[in-house]
Amino acid sequence: MSAKIRRIAGRLGALVLAGLLMFVLGVGTGPIPALGRALDPARGAWASADGGRLPAGGRLHVPGLTQQAQVSFDNEGLASITAASDDDLFRAQGYVTARFRLTQMDLLRRLGSGRLAELSGPAAVESDTFELQLGLRRTAEAAWTQTPADSPAGKALSAYTAGVNARIAELEDGHDWPALYGLTGVHPGRWTPVDSLVVQEVLTQQLDFSTVPLGYALLDRSLGPELTKAWFPVLPATPQQPYDPGPYQDLGTAPIPERNANAADPAALRPGPGPAPTAQPLDTAHAAAAATAVLARADHLPAGALHLHPDSNAWAANGPAVAGGRAMLAGDPHLQLSLPSDWFEIALRSPGLDVTGASLPGMPAVLIGHNEHISWSLTDVQNQSTLFYSETTSPEHPGAYYWNGAWRPLEHVEYTIPVRGGDPVPLTVDLTVHGPVITRDGQTTSVDWMGNIPSPDLAALLSISTAGDYGRFREALRGWKAPTQNFVYADDQGNIGIVAPGYYPLVKSGEPWLPLSGEGAADVAGTIPFDAVPQVYNPPSHAVVTANQRPVGADYPYYIGTTQDFDPGYRATQINTGLRAGPALGPDDFGALQSDVTDRLAAQLVPELLKALDGAPLDERQRTARDLLTGWNAAMDEKSPQASIWWRFLIAYLGEVFQPWWTDRKVPVDLARRHLALERTPPALVQDLEQWTLHDQGNPAFTPPGGPARDARAAMRDAFAKATAGLAASLGPDPASWNWGRLHRRVIPSITQVPALGHGPLPVGGDPWTANNADGGMDSDFGPSWRMVVRWTGPATADARAVYPGGQSENPASPWYRNLIDLWWRGEYLPLRTAAEHGSDDLKWTLTSEG
């Protein structure tokens, strides 16, 4: 009886959600305007209700399989596939993923291909224009051309594509499209291997494409070069904890083997006539105008299109640091959160492959996980991978730019952007030897981004998935180029390590954190050789930790980025402290570290604040707030009033010290809030305050321009008064009621941006500096997108667990849409099972080529 009631309740819930979706889309919301087809019961939101039912077991037709493939789902919808060959395995993976995530996959390829407006209408034209200029699809096409059809990666992409298209053919035959397509009348076209590589490029853009040099250009123009270099330095004044402590080798410069797919071919450029332009320094005013134009456009791109936040934790330990095991690994990549999730959990098994973990919808294989002998996870290196060039142009030479001693013709790529409900938009993209021109405002500016160089990531992943030891794991990573990632490793023999492969661009001359001269002297000379990139293996500490901090020390012989690129290191410090705090750790301890909300910056600065307040005249409210901070453990708990006091103090402290300078030097915050707004806690300025508060309280920065002399303690007292007054105004007069969760919430938006189809916002702990990261503002939409812990207890014996915030299905009417969120929210896990470990009572599909 209870099962019958659950089925009835599930169907009613599906209909309610479908009706809600129909109403929301019918009136228009987010990027989706009002849609008149919502009432079509065959192709409207009712299709969402039908598709929301849990799948039934049985036989399904997937053309091209050489033998039957077995698919199983546990009660939570987590999937495994067993097949007789790799080709059948990846064909089945494409089919199964498309069964549950086709809308997400199509939106990702549309985003990267500049085809969102075809589905969403005029509001998406700006995004499409930017992506077509940047050229993700051109890079994907070049990558596919360079992938041999008979290579493992080529065959995997072709098989996966065939599986996706088997699902699309089913939908065509049954006229049973997901709701978004039934409502718009725009249906997804056939999948191609290039589409999968576009999805790969979208993730690369999210992790690797940065506008930091443009922010520097505005700072250089307003603050001046001296203060910009002092306050936003290359190396942090406060030493961090690099995972690769050296000694380092200078192995020279390695050539970049592949050509930028979005740049003019230097070998094909014919010099044009005309004298050389008059030599002159770069015009900072024009560079700032160009930066302003690009940053203004960037503010209107979809969430996650640019790399804005530090991106993950991962660590491993072995030997005496691990209880009851040989080695143990933890990984939790931090990304823009969404429903459905960025990940699709899956176990894959064939005679040549046995791997389980997180896959990227739209791409074959597993990106993060473990096989029979090794486990791995990723964090973003954060190195500078994006360079901007100020191109020399002249009215006397229209359609040309000056490079390497001669005028060169721009290359052109023509597009037409289809727009649902509007006229098509023509677009011409101009290409230089550096890359595409992204603006002509103020200064013709092009971008040279390492993500525009084809990277055989899938080939590397397939080799990792079959590696059985560190040597083969490391060798597989030689082929990984973009995005640069810290690959953290642990194996069943007790070994641990990190390797950070990828393109680290090195320029011939100039300051790469600013726009560079496009005339040739500052071009990319090559990249850091693979054997010299950050890496460590079995260190004496028995632990390796990466949390987006600078991975190497100050004596590393290569430039890799500035304090605006890397995380300040507070998460890494807390994780290192947790790993060395006591007896050997087990999986539950690693899980607790992933959920830790200790703010190490608060732990350092709050004692200094209390010293500054000692003896100062305080009103009753301020005394109560001070007393609450006394003895606080720096935990950003949801119910902690101290967390609110600290965070509001930090924002006020940043404003108290730097706002007078921002005002005096006319820093254009309104033109680039993501880079310049003090309330966004710029990493470099936070590190400055840390250093000065602890070691240089008389720093001249504490004295406002033209104002009376002041030191750190005076600034802290003023900031504390403003923070407590602001909290009283927003949360009431009693400091004990100023719980952090009243200010700070987490939200997991739907990929459709329909609020009712997301989760939250709900009160939550954490902040940008805690291991359990909650970045992206007071309504945080950025954080751990996947949590995994793998302990190796013996040869080919792993105790693995994982969870992510969402569910396997993208359909809001499905019980598998958001069923894992509560587990994730509470810091709990499910077993991360291999295909062999899935139970006999799981829901089973048999995939067969027979009709």
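Start by selecting Glu 141: with a relative accessibility of 38%, this residue counts as partly exposed. Keep in mind as you go that you are looking at a predicted model.

**Stop 1: a helix and its salt bridge**

With Glu 141 still highlighted, add Arg 137. The two side chains form a salt bridge, and their closest N and O atoms are 3.8 Å apart. Show the cartoon and you'll see that both residues belong to helix H6 (residues 136-145), where they sit 4 residues apart, about one turn of the helix. What about the exposure of Arg 137? At 24% relative accessibility, Arg 137 also counts as partly exposed.

Now jump to Glu 475 and Arg 478. Here is another salt bridge, with 3.1 Å between the closest N and O atoms. Glu 475 is partly exposed at 45% relative accessibility, and Arg 478 is partly exposed too, at 30%. For a wider selection, pick Asp 106, Arg 109, Arg 110, Arg 115, Glu 118, Arg 137, Glu 141 and Asp 195: salt bridges with shared partners join these residues into one network. So your starting pair, Glu 141 and Arg 137, is back on screen as part of that network.

**Stop 2: a link across the sequence**

How many salt bridges are there by the rule used here? The count comes to 35. One of them to look at is Glu 850 with Arg 59, where N and O are 3.7 Å apart. Glu 850 lies in the segment after strand E31 (843-848) and Arg 59 lies in strand E1 (residues 58-61), so this pair ties together parts that are 791 residues apart in sequence. Switch on a surface and check both ends: Glu 850 and Arg 59 are both exposed.

**Stop 3: two buried residues**

Hide the surface and select Ile 81, in strand E3 (residues 79-82). Its relative accessible area is 0%, so Ile 81 counts as buried. Which residues surround it? Setting aside neighbours within four places in sequence, the contacts of Ile 81 include Gln 70, Val 71, Leu 89, Ala 92, Gln 93 and Val 96. Further along the chain, Ile 81 is also in contact with Ile 346, Ala 347, Leu 348, Arg 349 and Ala 835. If you want a distance to draw, try Ile 81 to Asn 383: the two are 302 residues apart in sequence, and their C-alpha atoms are 37 Å apart.

Next, go to His 370 in strand E8 (residues 368-370). Buried or exposed? At 5% relative accessibility, His 370 is buried. Leaving out residues up to four places away in sequence, His 370 touches, among others, Asp 354, Val 355, Thr 356, Ser 375 and Trp 376. Its contacts also include Val 790, Trp 792, Ala 798, Ala 800, Leu 832 and Thr 834.

**Stop 4: the cavities**

Time to look for empty space. A search of the whole structure turns up 9 cavities of 30 Å³ or more. The largest has a volume of about 260 Å³. To find it, select Leu 203, Leu 360, Leu 367, Leu 378 and Trp 480, the closest to its centre of the 26 lining residues. Colour the secondary structure around it: helix H9 (193-208), strand E5 (327-336), strand E9 (374-380) and helix H13 (457-466) each supply at least two residues of this lining. H9 gives the largest share, 4 residues. By residue type, the lining splits into 17 nonpolar, 6 polar and 3 charged.

The second largest cavity has a volume of about 60 Å³. Its lining takes in Asp 74, Leu 78, Ala 79, Glu 345, Ile 346, Ala 347 and Thr 356, together with Pro 831, Leu 832, Arg 833 and His 838. You have already met Ile 346 and Ala 347 as contacts of Ile 81, and Thr 356 and Leu 832 as contacts of His 370. Strand E6 (residues 344-350) provides the largest share of this lining, 3 residues. By type, the lining has 6 nonpolar, 2 polar and 3 charged residues.

**Stop 5: a three-stranded sheet**

Finish with an open sheet of 3 strands, ordered E25-E24-E26, with mixed pairing. Strands E25 (759-763) and E26 (779-780) are at the edges with a single partner strand each, so one side of each has no neighbour in the sheet. Select E24 (residues 745-748) next: it pairs with E26 in the parallel sense, over 2 bridges. For a last close-up, zoom in on Arg 745, which stands opposite Asp 779 in E26.

Methods
Residues are numbered from 1 along each chain as its sequence is written. This is a predicted model: local features need pLDDT of at least 70, side-chain atom pairs count only at pLDDT 80 or more; totals for chains, interfaces and linings use all residues. Side-chain values use heavy atoms; hydrogens and water are left out. Two strands pair if DSSP finds at least two bridges between them. On a 1 Å grid over the protein atoms alone, a cavity is a set of points where a 1.4 Å probe fits but cannot get out, and a pocket is an open set with protein on both sides within 12 Å along at least five of seven lines; lining residues have an atom within 4 Å of a point. Grid points are joined across faces, edges and corners, and a volume is the space filled by probe spheres set on the points. Ala, Val, Leu, Ile, Met, Phe, Trp, Tyr, Cys and Pro count as nonpolar, Asp, Glu, Lys and Arg as charged, and the others, Gly among them, as polar. A salt bridge is a side-chain nitrogen of Lys or Arg within 4 Å of a carboxyl oxygen of Asp or Glu. Buried means under 20% relative accessible area, exposed over 50%, partly exposed in between (1.4 Å probe, protein chains only). Contact means heavy atoms within 4.5 Å.
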